[in-house]
Amino acid sequence: MLRKTIPLLILVLLLTSCSTYSSMMNADKNIRKLNIGMTEKEVIGVMGKEYEVTSANSTHTVWVYRSYDESIYKLYFEKGRLVEWEKEWLKVYLTPPRPHHPRPHR
């Protein structure tokens with residue numbers, strides 16, 4: 001039983017990660033198809049289901065779609081309709097350079 005389950009689990013994980021990567025690759029192309037006033041359902045039809053809700057209250061909602069180029073798209077909804085979107089570049093934290101300690105001359 002376990003021998004059959006592990007390969008199936010690996011296959012599901014592989015297909016899920018491919019779907020997410022594909023969604024990220026298409027974000028730049030699909031964002032151009034959005035129009036102000038679209039419903040949330042219409043936006044999902046264009047952008048896909050791979051989004052995160054980062055803020056929500058009774059009238060406003062913010063969705064985030066990840067892009068492959070270290071950026072995200074923030075989509076702003078009011079009463080279920082798209083009112084604005086923007087691209088935000090994520091900060092990439094680099095490892096700070098090591099301090100240089102000169103060796104004493106002999």
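**A buried aspartate and its salt-bridge partners**

At a relative accessibility of 14%, D28 counts as buried, the cut-off for that label being under 20%. The model examined here is a predicted one, and D28 makes a handy way into it. The residue sits in helix α1. Setting aside neighbours within four places in sequence, D28 is in contact with S67, Y68, D69, Y73 and K87. Two of these contacts, D69 and K87, turn up again below, since D28, D69 and K87 are linked in a network of salt bridges.

What does D28 pair with? Its salt-bridge partner is K87, and the closest N and O atoms of the two are 3.2 Å apart. Helix α1 covers residues 2-31 and holds D28, while K87 belongs to strand β4 (residues 81-89), so this pair ties together parts that lie 59 residues apart in sequence. The lysine has a relative accessibility of 32% and therefore counts as partly exposed, whereas D28, at 14%, falls on the buried side.

K87 also forms a salt bridge with D69, and here the closest N and O atoms are 3.1 Å apart. Distant parts of the chain are linked once more: K87 is in strand β4, D69 is in the loop between β2 (60-66) and β3 (71-78), and the two are 18 residues apart. K87 thus has a salt bridge to D28 and another to D69. As a general matter, side chains of opposite charge can pair when their charged atoms come close.

Strand β4 takes part in a further pairing. The side chains of K74 and E88 meet in a salt bridge, at 3.0 Å from N to O. K74 comes from strand β3 and E88 from strand β4, so parts 14 residues apart in sequence are tied together by this pair. E88 has a relative accessible area of 29% and is partly exposed. In total, the structure holds four salt bridges.

Turning to the nonpolar side of things, the largest nonpolar core is made up of 12 residues: A27, I31, L34, M38, V43, M47, W63, Y65, Y73, L75, F77 and L82. Which elements give two or more residues to this core? They are α1, α2 (40-47), β2 and β3. Strand β3 gives the most, with three residues. One of the core residues, Y73, is also a contact of D28.

Strand β2 offers another buried position to look at. T61 lies in this strand, and its relative accessibility of 16% puts it in the buried class. Leaving out residues up to four places away in sequence, T61 touches E40, V53, S55, A56, L75, Y76 and F77. Among these, L75 and F77 are members of the largest nonpolar core.

As for the chain as a whole, there are two helices and four strands, and reading along the sequence gives the pattern α-α-β-β-β-β. The protein chain has 106 residues, of which 21% count as buried. Of the contacts with a separation of 6 or more, 34% are between residues 24 or more positions apart. The accessible surface of the chain comes to about 8,800 Å², and 58% of that belongs to carbon and sulfur atoms.

Definitions and conventions
Residues are numbered from 1 along each chain as its sequence is written. This is a predicted model: local features need pLDDT of at least 70, side-chain atom pairs count only at pLDDT 80 or more; totals for chains, interfaces and linings use all residues. Side-chain values use heavy atoms; hydrogens and water are left out. Buried means under 20% relative accessible area, exposed over 50%, partly exposed in between (1.4 Å probe, protein chains only). A nonpolar core is a set of buried Ala, Val, Leu, Ile, Met, Phe, Trp, Tyr and Cys residues joined through side-chain atoms within 4.5 Å. Contact means heavy atoms within 4.5 Å. Accessible areas come from the Shrake-Rupley method with a 1.4 Å probe; for residues, only the protein chains shown count as cover.
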